[in-house]
Amino acid sequence: MRLKIALFWAVFIAVLHAISADDLSLIYLDDLFTLDKLFHLLVFAIGAWLLIPIVLHHCTKHAYLFIFIVYVFYGLALELMQGAFFEGRCASFLDWLADMLGVLTAILFHKKIYPIETFKS
């Protein structure tokens with residue numbers, strides 16, 4: 001069930017990346033930070049958080065690194081697809097950076113709340 005939820009969330013993230021920027025009303029706080037960046041951080045943090053227990057159940061040695069790498073490349077792929085395939089959207093390094101920070105945030109919180117020993121069998 002956890003895997004289905006994690007996969008659903010990953011698809012949800014992809015769908016959100018496909019929505020035209022014209023259809024989104026963003027409130028700009030300044031040139032670098034918008035609510036859009038916070039949104040990127042949050043959806044990737046949630047996605048990583050959902051995937052962590054699944055990966056830890058199968059392997060504990062490099063689970064966090066695996067999750068980070070998977071979501072970093074997933075975020076990069078989505079940003080590149082935005083620039084190439086979706087009208088009204090463009091690839092953004094700052095969005096990708098927010099994605100990475102979201103994944104890192106989830107991993108750090110998870111490591112703090114649930115020590116790795118909890119998941120070892």
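A residue is called buried when its relative accessible area is under 20%, exposed when it is over 50%, and partly exposed in between (1.4 Å probe, protein chains only). At 13% relative accessibility, Asp36 therefore counts as buried. This is a predicted model, in which local features need pLDDT of at least 70, side-chain atom pairs count only at pLDDT 80 or more, and totals for chains, interfaces and linings use all residues. Residues are numbered from 1 along each chain as its sequence is written, and side-chain values use heavy atoms, with hydrogens and water left out.

**Confidence**
- The protein chain has a mean pLDDT (the predictor's confidence in each residue, from 0 to 100) of 82, and 81% of its residues reach 70 or more.
- Among the helices (DSSP runs of H or I, at least four residues, numbered from the N terminus), α1 has the lowest confidence in the chain, at a mean of 78, and α4 the highest, at 94.

**Nonpolar core**
- The largest nonpolar core (buried Ala, Val, Leu, Ile, Met, Phe, Trp, Tyr and Cys residues joined through side-chain atoms within 4.5 Å) has 22 residues.
- At least two residues of this core come from each of α1 (2-18), α2 (35-58), α3 (63-85) and α4 (93-113), and α2 gives the largest share, nine residues.
- Ile13, Phe44, Leu51, Ile67 and Tyr71 have the most contacts inside this core.
- Ile67 is in contact (heavy atoms within 4.5 Å) with Ala48, Leu51, Ile52, Val55, Val103 and Ile107, leaving aside neighbours within four places in sequence.

**Helix α3**
- The 23 residues of α3 should span 33 Å, because the expected span is 1.5 Å times one less than the number of residues; the end C-alpha atoms of α3 are 32 Å apart, which agrees.
- The buried residues of α3 include Ile67, Tyr71, Gly75, Leu78 and Glu79.
- Glu79 has a relative accessible area of 2%.
- Not counting residues up to four places away in sequence, Glu79 touches His17, His40, Cys90, Ala91, Ser92, Asp95, Trp96 and Asp99.

**Salt bridges**
- The structure holds two salt bridges, each defined as a side-chain nitrogen of Lys or Arg within 4 Å of a carboxyl oxygen of Asp or Glu.
- In the Asp36 and Lys37 salt bridge, the closest N and O atoms are 3.5 Å apart.
- Lys37 also forms a salt bridge with Asp95, where the closest N and O atoms are 2.7 Å apart.
- Lys37 lies in helix α2 and Asp95 in helix α4, so this pair ties together parts that are 58 residues apart in sequence.
- Lys37 and Asp95 are both buried, and Asp36, Lys37 and Asp95 are linked in a network of salt bridges.
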